[in-house]
Amino acid sequence: MGSFLSCCSKKKVEDGANMGGGGSSSWRIFTYKELHAATNGFSEDNKLGEGGFGSVYWGKTTDGLQIAVKKLKAMNSKAEMEFAVEVEVLGRVRHKNLLGLRGYCVGTDQRLIVYDYMPNLSLLSHLHGQFAGEVQLDWKRRMKIAIGSAEGLLYLHHEVTPHIIHRDIKASNVLLDSDFEPLVADFGFAKLIPEGVSHMTTRVKGTLGYLAPEYAMWGKVSESCDVYSFGILLLEILTGKKPIEKLPAGVKRTITEWAEPMIIQRRFKDLVDPKLRGNFDENQLKHAINVAALCVQNEPDRRPNMKEVVNMLKGYDPRGKIMPLRIESAKYKEELLTLDQTSDDDDGSGSPEDSEYGVFGAMEVQKIQDPYKRFGYNTAVTKYV
Ligand SMILES: Nc1ncnc2c1ncn2[C@@H]1O[C@H](COP(=O)(O)OP(=O)(O)OP(=O)(O)O)[C@@H](O)[C@H]1O
Ligand SMILES: [Mg+2]
């Protein structure tokens with residue numbers, strides 16, 4: 001913890017002028033007064049939403065820059081730690097598909113992070129939220145969002161040193177610029193991976209529905225947890241379904257449970273989002289479903305890495321075409337699904353007041369023999385030939 005905090009020392013902050021990410025050229029320290037004025041006193045009208053970290057407000061600086069200000073909700077050591085991690089990680093990344101830092105503010109009792117405002121908000125808002133009715137996400141845009149998000153993750157996993165595992169890949173963390181270019185956001189959950197370490201056990205954080213089984217059960221973190229979450233995200237982009245859906249009878253169903261039978265029977269057209277009204281490229285669809293199926297396999301070692309995912313999505317890697325489709329996805333048991341908040345909300349944004357980190361928030365790393373029983377996890381193994 002100390003190292004994260006010390007990484008965010010004043011010296012480093014002052015060096016930040018040449019850093020930043022997501023295409024922004026620089027970042028700086030903002031004063032609380034400045035951010036207060038920019039967001040109209042953090043008024044409800046300016047509120048873009050609320051997540052585990054706190055509330056996010058739209059604002060405009062005196063020099064006309066539109067910003068999104070994330071205001072830490074509570075000052076405690078855990079929240080401070082996350083703030084430090086966020087700033088530390090953001091300072092390291094620079095990629096067109098990652099939302100970099102515009103600045104931050106450290107007051108006596110406030111912590112705020114400033115980003116560029118993304119005018120098309122999040123992927124979540126287009127798939128399931130306020131823009132869902134407008135169908136601005138045509139097939140081309142969906143492919144661009146899938147490939148761009150994958151490229152952002154590829155950078156985190158393979159290009160930045162030390163490698164970064166995001167750990168909270170989900171639709172609300174994929175923001176869309178004016179051109180619908182995706183920018184993966186929120187590295188507060190990220191964990192910096194020291195060289196030579198293949199995985200780390202840690203407190204489980206994330207959102208049910210996107211969580212890889214080995215992460216949910218064992219707290220085992222590796223790049224392939226992000227690959228699993230990306231697979232769920234990809235299925236969501238292609239099908240328009242939520243990761244966990246509440247059926248009329250109150251039963252909850254995961255996107256993989258829903259998709260599996262259709263993938264087995266190769267009914268790809270039945271999988272695609274009906275909002276596209278049949279306007280999609282069938283080959284690309286098959287290909288992308290195949291990639292998603294590979295990513296959401298239960299066994300982490302079988303999942304492709306993000307380099308392979310990007311190459312398969314771009315059509316460079318023939319493995320994407322010739323490998324048999326298969327999912328060995330995990331099924332959440334009923335007890336766990338009843339704890340899930342996200343599928344109950346129309347916009348899928350969850351209830352941060354109830355749970356800071358989703359249903360696994362309070363769970364420490366478990367070193368036990370039978371995690372399946374204890375945490376209500378079942379594995380449903382389906383082979384595709
Ligand atoms: N730079 C931005 N531009 C536009 N909207 C943003 C920006 N940053 C965040 N938002 C939106 O504000 C809302 C709250 O974001 P926040 O990251 O706090 O929560 P979340 O993504 O729902 O959950 P989590 O805390 O797990 O990331 C989300 O709908 C998000 O898409
Ligand atoms: Mg977020």
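In this predicted model, the hairpin of β3 and β4 has five residues between its strands, and Gly 64 there takes a positive phi near 90°. The two strands of that hairpin, β3 and β4, run antiparallel and are joined by seven bridges, and they belong to an open sheet of six strands with mixed pairing. The points below treat the sheet, then the surroundings of ligand 1, and then helix α8.

**The sheet and its hairpins**

- The six strands of the open sheet follow the order β1-β5-β6-β4-β3-β2, and their pairing is mixed. Strands β1 (28-29) and β2 (47-50) stand at the edges with a single partner strand each, so one side of each is left without a neighbour in the sheet.
- Strands of a sheet pair through backbone hydrogen bonds, which may be arranged in a parallel or an antiparallel way.
- The edge strand β2 runs antiparallel to β3 (residues 54-60), to which three bridges join it, and the two strands form a hairpin with three residues between them.
- Within this pairing, Lys 47 has Tyr 57 of β3 as its bridge partner, while the bridge partner of Gly 49 in β3 is Val 56.
- Tyr 57, the bridge partner of Lys 47, also stands opposite Val 69 in β4, so that β3 can be followed from one residue towards both of the strands named here.

**The shell around ligand 1**

- There are 21 residues around ligand 1, of which Gly 49, Gly 51, Ala 68, Ser 122 and Ser 172 come nearest. One of these, Gly 49, is the residue whose bridge partner in β3 is Val 56.
- Strands β2 and β4 (66-72) each supply at least two residues of the shell, and β2 provides the largest share, which amounts to three residues.
- Classified by residue type, the shell around ligand 1 comprises ten nonpolar, seven polar and four charged residues.
- Both domain 1 (28-116) and domain 2 (121-335) contribute to the shell around ligand 1, with at least three residues drawn from each.

**Helix α8**

- Helix α8 (residues 223-239) has 17 residues, which at 1.5 Å a residue should span 24 Å, and the 25 Å between its end C-alpha atoms agrees with that expectation.
- The helix is mostly covered, since 17 of the 17 residues of α8 are buried.
- Gly 240, which comes just after α8, takes a positive phi of about 75°.

Methods: Residues are numbered from 1 along each chain as its sequence is written. Chains are lettered from A and ligands numbered from 1 in the order in which they are written. This is a predicted model: local features need pLDDT of at least 70, side-chain atom pairs count only at pLDDT 80 or more; totals for chains, interfaces and linings use all residues. Two strands pair if DSSP finds at least two bridges between them. Helices (H or I, at least four residues) and strands (E, at least two) are DSSP runs, numbered from the N terminus. A residue is near a molecule or strand if its C-beta atom, placed from the backbone, lies within 6 Å of it. Ala, Val, Leu, Ile, Met, Phe, Trp, Tyr, Cys and Pro count as nonpolar, Asp, Glu, Lys and Arg as charged, and the others, Gly among them, as polar. Domain bounds come from an automatic or database domain assignment. The expected span of a helix is 1.5 Å times one less than its number of residues. A residue is buried if 20 or more other C-beta atoms lie within 10 Å of its own, exposed if 12 or fewer, and partly exposed in between; C-beta atoms are placed from the backbone.
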